[in-house]
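Please open the model in your viewer and keep the sequence panel beside it. The tour goes from one selection to the next, with a short account of what is there at each stop.

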Amino acid sequence: MTAVPTGDGTAAWTYALRLGDDALVLAQRLGEWIAAAPQLEEDVAIGNIALDLLGQARALLTHAGELEGAGRDEDALAYFRDEREFTNAHLCEVPNGDFAHTMARLLVFSTYQSELYAQLSTSVDETLAAIAAKALKEVSYHRDHATQWVLRLGDGTDESHRRMQAAVEAVWPYTAELFEADRLTDELVVAGVAADPVAMQPPWAAYVTAVLQQATLPVPATVPAVTGGRRGVHTEQMGYLLAEMQHLARSHPGATW
Amino acid sequence: MSDPANEHLTAEGGHGAVPTTGVPTGIGRSARDWPLWEVFVRSRRGLSHTHVGSLHAPDAEMAVRNARDLYTRRQEGVSIWVVPAGQIVASSPDEKDAFFDPAADKIYRHPTFYDIPEGVDHL
């Protein structure tokens, strides 16, 4: 294990936890589309994307557990933490909405993840770098899938344009949280462990703006939503999501199939 | 299409020839009216593309992406073709005898009359 410099000893594991929670919670949300997507083909596509994210979450949470050194594995972190201990961004937990909302969120989030994993693939934390290098190919496809749909729905019929625009406006306020720096990221960026959230914003905006323009959608000028996910403060929808995700594991601890 | 006699037939989902009128085929009445695409996957370099199935997609670009998700998620391929199912002209089951039976008794067309030299295995 590479020695990762951490001021108070918890920064590196908290950072891995944030990344893992983002992927885990969005995987859970996307899973809600299975058997409910507009087409069987889209069911499979969204299912594949959700499984990619779940795989990233497993690797990241396992790594976080190892850095923490308290004996918690991926399952302990996913199923036996309460809401205030989850550190995902609000963007990942807000309900799916209609198909346009789901694709709008996937566009902004997978574009963020593309920048994130590209930077992390050179992290001094070698495990994190390896996870990022593998995940980068996956999220490139997620971004492409979302891009294709935003283009078609935005530049489609009057109805699809109206709903795609409403969707982009709805998810936009939640994007600011992705690029928020705090003491933890400041410290880990200097140490070469973390990706710089502030530096990720311009390339993210360039890509998303280009897609929106091609899709004939205006870039929203909405005010950022209140943040707090990284500190464990979540929206009211988070509890319901966790109840569904954690119910089985908590009712039957250690269950296997 | 060059053969008007076969215009009422198409290929769907690898079923050979499927009439486009008179029987429910799924063509033109699928959910949201997305057209049907036939998918061909090349499993590795040097082999030809093989028909693997069909899917619905709004256009060609999405058809390739759907094919990637449906037919190559277990590393089945390195290349994908999609073809609008309606663009495939199929031979008619009624013509099966005229088309294929005459080949049955022409065994001299098969390369089975050569003496294989000694020492040549696997021929």
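Bear in mind throughout that this is a predicted model. Begin by selecting the largest nonpolar core, which has 74 residues, and highlight those with the most contacts inside it: Y15(A), A16(A), L60(A), M103(A), A104(A), L107(A) and V150(A). Next colour helix α1 of chain A, residues 11-31, since this helix gives the most to the core, with 13 residues.

Now centre the view on V150(A) and show its neighbours, leaving aside residues up to four places away in sequence: V150(A) touches M103(A), A104(A) and L107(A), and also M164(A), V211(A) and A215(A). Apart from the largest core lies another one, of 12 residues, and to find it you can select L36(B), V39(B), V82(B) and A85(B), which are among its members.

Step back to the whole of chain A and display it as a cartoon. Its secondary structure comes to 10 helices and 0 strands, so that the pattern read along the sequence is α-α-α-α-α-α-α-α-α-α. If you align the view to the principal axes, the C-alpha atoms of chain A fill a box of roughly 55 × 45 × 30 Å. What radius of gyration does chain A have, with its 257 residues? The value is 18 Å, which agrees with the radius near 18 Å that a compact globule of 257 residues would have. Colouring by burial will show that buried residues make up 46% of the 257 residues in chain A. Among contacts in chain A between residues at least 6 apart in sequence, 76% join residues at least 24 apart.

Move on to chain B, which has 2 helices and 5 strands, arranged along the sequence as β-β-β-β-α-β-α. Of its 123 residues, 19% count as buried, and residues 24 or more positions apart account for 50% of the contacts in chain B with a separation of 6 or more.

Within chain B, select strands β4, β3 and β5, which form an open sheet of 3 strands in that order, with antiparallel pairing. Because β4 and β5 of chain B stand at the edges, each with a single partner strand, one side of each is left without a neighbour in the sheet. Look along the sheet for the twist, which averages 30° from one strand to the next.

Zoom in on β3 of chain B, residues 36-42, a mostly covered strand in which 5 of the 7 residues are buried. On one pairing, 6 bridges join β3(B) to the antiparallel strand β4 of chain B, residues 50-56, and there V39(B) stands opposite G53(B). On the other, 6 bridges join β3(B) to β5 of chain B, residues 79-84, again antiparallel; here F40(B) has W81(B) as its bridge partner, while R42(B) has S79(B). Then add helix α1 of chain B, residues 60-71, which lies across β3, β4 and β5 of chain B and runs at about 125° to β5(B).

Finish where the chains meet, by selecting the 9 residues of chain A that are in contact with 14 residues of chain B. On the side of chain A that touches chain B, α2 (40-68) and α6 (126-154) of chain A each supply at least two residues, and the largest share, 4 residues, comes from α2(A). Coloured by residue type, this side of chain A divides into 3 nonpolar, 4 polar and 2 charged residues.

Notes
Residues numbered from 1 in each chain as written. Chains lettered and ligands numbered in written order. Predicted model: local features only at pLDDT ≥ 70, side-chain atom pairs only at ≥ 80, totals over all residues. Contact = placed C-beta atoms within 7 Å. Nonpolar A, V, L, I, M, F, W, Y, C, P; charged D, E, K, R; others polar. Core = buried A, V, L, I, M, F, W, Y, C linked by C-beta atoms within 7 Å. Buried ≥ 20, exposed ≤ 12 C-beta atoms within 10 Å, placed from the backbone. Rg over C-alpha atoms; globule rule 2.2 N^0.38 Å. Pairing = 2+ DSSP bridges. Axes fitted to C-alpha atoms, helices over the stretch in contact; angles between N-to-C directions.
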